[in-house]
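Q: I would like a close look at one part of this model, with the geometry spelled out. Please take the helix packing as the starting point and work outward from there.

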Amino acid sequence: MPTSSQNQGNSSKDVKISYIGLPALDVSVAFPQATPASIFPPSASDYFQFNDLLTPEEQALRKNVSVVMEKEIAPIMAEYWEKAEFPFHVIPKLASLNAAGGTIKGYGCPGLSITGSAFATAEMARVDASCSTFVLVHSSLAMLTIALCGSEAQKQKYLPSLARLDTVACWALTEPDYGSDASSLRTTATKVSGGWILEGQKRWIGNSTFADVLVVFARNTTTNQINGYIVKKGSPGLRVSKIENKIGLRMVQNGDILLKEVFVPDEDRLPGVNSFQDTSKVLAVSRVMVAWQPIGISMGVFDMCHRYLKERKQFGAPLAAFQINQEKLVRMLGNVQAMVLVGWRLCKLYESGKMTPGHASLGKGWISLKARETVALGRELLGGNGILADFLVAKAFCDLEPIFSYEGTYDINSLVTGREITGIASFKPAALSKRSRL
Ligand SMILES: Cc1cc2nc3c(=O)[nH]c(=O)nc-3n(C[C@H](O)[C@H](O)[C@H](O)COP(=O)(O)OP(=O)(O)OC[C@H]3O[C@@H](n4cnc5c(N)ncnc54)[C@H](O)[C@@H]3O)c2cc1C
């Protein structure tokens with residue numbers, strides 16, 4: 001049994017493995033066999049030159065995000081992913097990108113185009129999907145809900161510090177017993193003098209273990225409709241515990257939330273959330289952003305494989321010289337081009353006011369399906385190193401799985417589009433609906 005004198009993590013320097021009874025072995029001789037992802041590979045996936053479709057401002061933002069991610073995040077990501085900890089010290093660097101708040105205009109938010117925001121998301125996910133999820137939950141879910149459904153006073157109070165990332169937000173819809181079926185949620189909001197009492201549980205909520213602002217959805221006990229509330233960190237009766245043992249997005253701090261008679265003043269009820277349809281409006285927009293995460297992940301995996309195959313040799317030739325490997329690499333590249341086109345078109349449909357929930361769901365679902373194929377090819381191409389977080393693809397492979405399932409699983413997104421194109425909702429098995437009427 002080998003015993004390591006230091007976690008190998010990102011740096012292989014000075015790592016010694018001693019086999020019982022044998023002198024210590026310097027594994028830096030054996031590792032790495034190619035440049036690890038801590039020195040991030042150059043971008044090589046823009047084969048069809050989509051960058052030309054962006055405005056100079058969008059190009060500059062994209063470049064800025066990739067520089068910060070490659071310089072600040074790439075060197076530390078394997079270590080923090082392995083520890084399942086969030087690197088709080090990088091929050092100011094992420095804030096310097098001026099991307100939090102995305103498309104929201106005013107209130108200190110950057111007012112980006114949706115295309116600019118989408119490419120910024122992809123550039124983040126290209127290096128590290130956990131960081132992009134941290135920003136998306138904060139920005140495209142929580143901040144957007146406040147911007148679309150909040151009062152003027154709420155926008156002025158909460159959005160500026162959230163845009164600077166001086167405060168962090170989370171977005172709590174899912175419950176232990178209501179995931180895909182979120183519209184049936186059971187957390188309650190009961191009107192009392194001067195405010196509301198929230199009672200219930202939430203599950204999987206990203207950033208919730210440390211968020212200053214929690215956007216929480218609950219069922220109004222008078223109207224039976226879903227309403228939205230802003231709950232502040234430290235509110236009496238609010239408890240959050242971290243979900244452990246995730247196999248993907250390990251840097252993201254997902255929490256179970258317990259709300260026990262939590263008082264929310266009237267001024268913190270979101271006036272624009274009066275039914276589940278209002279929540280769905282936010283989800284449709286944020287799904288466009290989430291669709292760009294698998295695009296970014298696939299770009300990063302392609303870039304990593306592209307470099308790795310040229311560096312590592314077998315049978316006296318670089319891995320890139322083998323036809324089978326080239327075919328896999330080209331299939332990955334083709335997938336990335338197609339994913340970008342679909343994602344780009346989604347942004348344009350949104351900008352022209354033509355995007356429907358079905359469009360967003362088809363985009364998110366299809367892109368995440370193609371990304372699964374892409375990262376699986378990448379994992380194969382790296383052989384044994386394809387299961388090490390140090391070479392990105394194993395980490396990206398795992399990070400894609402929760403993205404395949406959150407913001408609507410692939411199946412649920414298919415059903416949203418299916419309902420739109422057939423006019424028939426097929427979420428609830430017909431047999432069950434019939435039986436419940438008996
Ligand atoms: C890492 C991570 C982060 C998350 N972050 C957040 C967050 O910040 N905020 C938040 O509110 N939620 C969050 N979620 C929750 C996420 O949105 C749910 O996990 C997701 O909606 C799926 O719900 P579920 O896990 O309960 O799966 P289930 O609903 O139990 O589904 C299980 C399986 O059954 C299928 N299925 C379910 N219903 C149907 C149907 N009608 N027809 C066909 N197939 C069906 C699903 O597609 C899936 O394959 C997060 C989840 C994860 C894993």
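At what angle do H8 and helix H9 (residues 393-405) pack, and how many Å apart are their axes? Please go on from that pair to the other helix that packs on H8, and then to the loops and strands.

A: The model is a predicted one. In it, H8 and helix H9 (residues 393-405) pack at an angle of about 160 degrees, and their axes are 10 Å apart. An angle over 145 degrees counts as roughly antiparallel, so H8 is roughly antiparallel to H9. The crossing in which H8 passes H9 is left-handed.

H8, which spans residues 357-381, also packs with helix H6, residues 276-311. Here the angle is about 20 degrees and the axes lie 9 Å apart. Since angles under 35 degrees count as roughly parallel, H6 and H8 are roughly parallel to each other. H6 passes H8 in a left-handed crossing. As for the residues that form the contact of H6 with H8, 17 are nonpolar, six are polar and two are charged.

H6 itself can be described in some detail. The helix has 36 residues and reaches 52 Å from its first C-alpha to its last, close to the 52 Å expected at 1.5 Å a residue. Along the way H6 bends by about 30 degrees at Arg287. H6 is also mostly covered, with 30 of its 36 residues buried.

Helix H1 (residues 56-83) can be described in the same terms. H1 has 28 residues, and from its first C-alpha to its last it reaches 38 Å, close to the 40 Å expected at 1.5 Å a residue. A bend of about 50 degrees occurs in H1 at Met77. The residue that follows H1 is Ala84, and its phi is positive, near 55 degrees.

On the other side of H1, Leu54 sits in the loop between strand E3 (25-26) and H1. Leu54 has 6% relative accessibility and therefore counts as buried, the cut-off being under 20%. Leu54 can also be related to the H8 region: Leu54 and Pro357 are 303 residues apart in sequence, while their C-alpha atoms are 25 Å apart in space. Pro357 has the number at which H8 (residues 357-381) begins.

Next come the strands and the loops that join them. Leu249 lies in the loop between strand E11 (238-242) and strand E12 (254-265). Although Leu249 is not a glycine, its phi is positive, at about 45 degrees. The relative accessible area of Leu249 is 4%, so this residue is buried.

Within strand E12 is Glu261, another residue other than glycine with a positive phi, in this case near 50 degrees. Its exposure can be put beside that of Leu249: Glu261 counts as exposed because its relative accessibility is 55%, whereas Leu249 is buried.

After E12, Asp268 is found in the loop between E12 and strand E13 (269-270). Asp268 has a relative accessible area of 1% and is therefore buried. Asp268 and Leu346 are 78 residues apart in sequence, and the distance between them in space is 33 Å, C-alpha to C-alpha.

To return to the starting point, H8 has two packing partners described here: H9, to which H8 is roughly antiparallel, and H6, to which H8 is roughly parallel. H8 passes H9 in a left-handed crossing, and H6 passes H8 in a left-handed crossing as well.

Conventions: Residues are numbered from 1 along each chain as its sequence is written. This is a predicted model: local features need pLDDT of at least 70, side-chain atom pairs count only at pLDDT 80 or more; totals for chains, interfaces and linings use all residues. Side-chain values use heavy atoms; hydrogens and water are left out. Axes are lines fitted to C-alpha atoms, for helices over the stretch in contact, and angles run from 0 to 180 degrees between N-to-C directions. Helices (H or I, at least four residues) and strands (E, at least two) are DSSP runs, numbered from the N terminus. Angles under 35 degrees count as roughly parallel, over 145 as roughly antiparallel, 65 to 115 as roughly perpendicular and the rest as oblique. A crossing is left-handed if the near helix is turned anticlockwise from the far one by less than a right angle, and right-handed if clockwise. Ala, Val, Leu, Ile, Met, Phe, Trp, Tyr, Cys and Pro count as nonpolar, Asp, Glu, Lys and Arg as charged, and the others, Gly among them, as polar. The expected span of a helix is 1.5 Å times one less than its number of residues. The bend at a residue is the angle between axes fitted to the seven residues ending there and the seven starting there. Buried means under 20% relative accessible area, exposed over 50%, partly exposed in between (1.4 Å probe, protein chains only).
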